[in-house]
Amino acid sequence: MRIALYQPEIAGNVGAILRLAACFSVPVDIIMPTGFAFSDSRLKRAAMDYGAAAEVTRHANFEAFDALRRSEGRRLILMSSHASQRLPDVAFQEGDVLLMGSESAGVPVAVRDMADIRVRIPMAPGFRSLNIAVSTGIAVAEALRQTGKFPQ
């Protein structure tokens, strides 16, 4: 299981996701560019002392990330508030990559169309989306539960 962040814009969100990734031993792929410098104090503050424990790989662009993902035979699972497939209805596999779009724009149509599965987290009527770090936590927890990969 991996988390991939497509051109993230908010350092605090990435920091929170790095903390989550460290706690659950899930590697993170960051697809450049980001909307902040990696030395950003907000990133470090959100990750706290867990950030250094996260396994992070930065990719120059989506094409570089996707080439590596394909060479490893991993499915691309796009998390999107616009997807029709509900999170509880997805059967996750160990090698899946959970792709989270940028906070303001999601992912381009070409990236969306490359996803093997497009998934949404069901919410109460009238609400359109959750914070990206919260969504990542919910999706990762469900994927780890299904694959039996929660840390001991």
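The exercises below concern strand S4 and the largest pocket of this predicted model.

**Exercise 1.** Determine whether the residues on each face of strand S4 are buried or exposed.

*Solution.* Begin by locating S4, which spans residues 76–79. Next, separate its side chains by face: Leu 76 and Leu 78 lie on one side, while Ile 77 and Met 79 lie on the other. Then apply the criterion for burial, a relative accessible area under 20%. Each of these four residues is classed as buried, and both faces of S4 are therefore covered.

**Exercise 2.** Identify the strands with which S4 pairs, and name a bridge partner in each.

*Solution.* Consider strand S6 (residues 97–100) to start with; S4 pairs with S6 in the parallel sense over 4 bridges. Within S6, Leu 99 is the bridge partner of Leu 78. Turn then to strand S7 (residues 117–120), which runs parallel to S4 and is joined to it by 3 bridges. Here Met 79 has Val 119 as its bridge partner.

**Exercise 3.** Describe the largest pocket by its volume, its lining and the elements that contribute to that lining.

*Solution.* The volume of the largest pocket is about 660 Å³. Its lining comprises 26 residues, and those nearest the centre are Met 79, Ser 80, Ser 81, Gly 106 and Ser 129. Two or more lining residues come from each of S4, S7 and helix H5 (132–147). Of the elements, S7 gives the most, with 3 residues. Finally, sort the lining by class: 11 residues are nonpolar, 10 are polar and 5 are charged.

**Exercise 4.** State which residue of S4 is buried and also lies nearest the pocket centre.

*Solution.* Met 79 is buried in S4, and Met 79 is also among the residues nearest the centre of the largest pocket.

Methods: Residues numbered from 1 in each chain as written. Predicted model: local features only at pLDDT ≥ 70, side-chain atom pairs only at ≥ 80, totals over all residues. Heavy atoms only, no water. Buried < 20%, exposed > 50% of the residue type's maximum accessible area, 1.4 Å probe, protein only. Pairing = 2+ DSSP bridges. 1 Å grid on protein atoms, 1.4 Å probe; cavity = no way out; pocket = protein on both sides within 12 Å on 5 of 7 lines; lining within 4 Å. Points joined across faces, edges and corners; volume = space filled by probe spheres on them. Nonpolar A, V, L, I, M, F, W, Y, C, P; charged D, E, K, R; others polar.
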